[in-house]
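Work through the following exercises with the sequence and the model side by side, and try each task before reading its solution.

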Amino acid sequence: MIKRITLKTLAIGLMTLLLAIPSANAQYMQNWVAQYNGPAPIPGWEPADWVTDMAVRDGYVYVTGYESATTAYWATVKYDYSGQELWVQRLVDGQSQTAEALAIDEAGNVYVTGYQKQFSAGGDVATMKYSPDGDSLWKQIYASPGGNNQPNDITIDASGNIYIAGASWVAAQQDFDLLLLKYDSNGNLLWDRTLDNGDGQLDSGYELDIDPYGNAIVAGYTEPNPYLVKYSPTGDLLWQDEHVGFSTNDEWKRVETDSVGNIYVLGEISPPGEPNHLWTAKYDTDGNILWEDNYTGTADESCYTGNLAIMPDGGLVITGQSWDMPSSDSSYISIVTIRYALDGTKLWQQLERVRYAHANGDDVAIDAEGNIYITGFGYNYTYWEDIITLGYSPDGELLWSQIYAGPEPDQSDYPKAIAVDENANVFVTGS
């Protein structure tokens with residue numbers, strides 16, 4: 001079977017979608033590039049366009065982000081698999097708006113959530129629904145007395161309900177509480193929840209997932225520790241776990257649930273006197289930790305989180321940034337990829353920089369056969385970054401690598417997300 005790999009890139013000033021098709025000997029070549037460049041608000045201005053999220057479903061690719069020049073406006077674009085732009089929707093009715101995340105339902109409707117600031121008021125959570133043809137169906141604004149609500153993630157449950165996680169400012173406490181919203185598909189707010197851990201510290205939800213039973217799992221931060229909470233479909237708080245860390249930088253950043261409701265999280269810890277470690281844990285449905293592991297490179301520098309994905313057999317793959325010191329007088333940064341078995345046993349670990357002095361892993365996706373796709377960026381001592389995409393076998397063998405460097409000289413290209421469809425087409429988006 002011929003597999004196609006799609007690398008989707010957002011360079012400053014444009015959104016780019018790239019598709020590459022391997023030849024019979026598994027060498028990959030660029031197939032097409034599609035670009036979106038936001039209109040200049042003032043003649044002579046060149047806006048910078050930033051992508052924040054991507055989704056791939058039923059033969060279409062959806063990208064959201066924001067245009068930034070004199071102010072920020074969000075834009076959402078739909079492409080077909082030939083790279084043809086089908087429609088663009090821009091939201092320009094606030095003082096400043098940044099789209100943060102999107103999700104696609106079974107019918108092909110598009111939901112986008114982001115932060116919107118009005119001219120005379122604080123920031124609110126704006127959520128839009130677009131039809132498969134790009135028609136605007138509804139817009140909902142969530143505001144609170146604190147005047148500052150910030151969404152970070154959006155997902156859809158099996159019944160078509162929409163969940164949004166983020167943070168909400170509480171003026172009386174002078175801090176943020178974790179925020180979770182639930183809408184039905186018609187835009188009706190079913191319930192909203194804010195959660196203060198009771199310590200008068202900052203709380204935020206960074207990412208969420210819905211388990212097979214319709215429960216919402218939110219991963220984030222309660223100062224100074226990683227925070228994981230679970231809500232029922234009716235909004236009841238089932239449990240919360242503040243996992244004791246070591247510093248104010250410790251936090252869960254990524255979360256996924258498996259087919260039986262177990263929860264995987266990935267974040268960072270900073271042990272006393274040490275730089276950041278990558279920290280991975282598996283919880284059962286009741287919030288008990290089944291296993292956990294931390295990773296740090298061999299250099300005395302911080303490692304940073306990319307993302308995680310669940311293997312078809314229930315194991316886990318994570319990626320991120322690793323500092324290593326191969327000799328006594330030099331160090332380098334690599335894309336680190338680690339595969340764990342179902343019981344937490346580390347099966348293999350790979351470091352990869354391709355042709356660069358330094359590299360960073362940002363996101364991971366897995367196809368139905370268990371092949372692993374990583375995207376990140378690499379740079380040499382000129383500090384102009386290029387996008388790196390890697391393909392690994394389930395056993396950790398590097399099958400191929402692909403570089404995307406934009407046509408403009410002395411410019412940086414950053415990845416944001418990677419996705420794989422049912423035919424093992426792989427899509428990458430970035431900035």
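**Exercise 1: an open sheet**

Task: determine in which sense strand β6 and β7 pair, and over how many bridges.

Solution. Strand β6 (residues 72-80) and β7 pair in the antiparallel sense, and 6 bridges connect them; here strands are DSSP runs of E with at least two residues, numbered from the N terminus, and two strands pair if DSSP finds at least two bridges between them. Within this pairing, Thr76 stands opposite Gln89 in β7. The next step is to place the two strands in their sheet, which is open and consists of 4 strands in the order β4-β5-β6-β7 with antiparallel pairing. Because β4 (48-57) and β7 (85-91) stand at the edges with a single partner strand each, one side of each is left without a neighbour in the sheet. Neighbouring strands of this sheet are turned by 20° against each other on average, direction ignored, where the axes are lines fitted to C-alpha atoms and angles between N-to-C directions run from 0 to 180 degrees. In a regular strand the side chains alternate between the two faces of the sheet.

Before continuing, note that this is a predicted model, in which local features need pLDDT of at least 70 and side-chain atom pairs count only at pLDDT 80 or more, whereas totals for chains, interfaces and linings use all residues. Residues are numbered from 1 along each chain as its sequence is written, and side-chain values use heavy atoms, with hydrogens and water left out.

**Exercise 2: a hairpin**

Task: find how many residues lie between β32 and β33, and which residue in the turn has a positive phi.

Solution. Strand β32 (residues 415-420) and strand β33 (residues 426-430) run antiparallel and are joined by 5 bridges, with Val420 standing opposite Val426 in β33. The two strands form a hairpin with 5 residues between them, and Ala424 in the turn has a positive phi of about 65°.

**Exercise 3: two environments**

Task: decide whether Thr280 is buried or exposed, and then do likewise for Pro212.

Solution. Thr280 is found in strand β22 (residues 277-283) and counts as buried because its relative accessibility is 0%; buried means under 20% relative accessible area, exposed over 50%, and partly exposed in between (1.4 Å probe, protein chains only). Leaving aside neighbours within four places in sequence, the residues in contact with Thr280 include Trp291, Leu316, Ile318 and Tyr340, contact meaning heavy atoms within 4.5 Å. Pro212, by comparison, lies in the loop between β16 (203-210) and β17 (216-222), and its 45% relative accessibility makes it partly exposed. Pro212 touches Asp258, Ser259, Val260 and Gly261, not counting residues up to four places away in sequence; for Val260 the C-alpha to C-alpha distance is 6.7 Å, although 48 residues separate the two in sequence.

**Exercise 4: aromatic rings**

Task: state how many aromatic pairs the structure holds, and examine the one formed by Trp348 and Tyr392.

Solution. The structure holds 16 aromatic pairs, defined by ring centres of Phe, Tyr and Trp (its six-membered ring) within 6.5 Å, with planes under 30 degrees apart counted as stacked, over 60 as edge-to-face and the rest as tilted. Trp348 and Tyr392 form a tilted pair, 5.9 Å centre to centre with 40° between the planes. This pair links distant parts of the chain, since Trp348 belongs to strand β27 (residues 346-352) and Tyr392 to strand β30 (residues 386-392), 44 residues apart. Both Trp348 and Tyr392 are buried.
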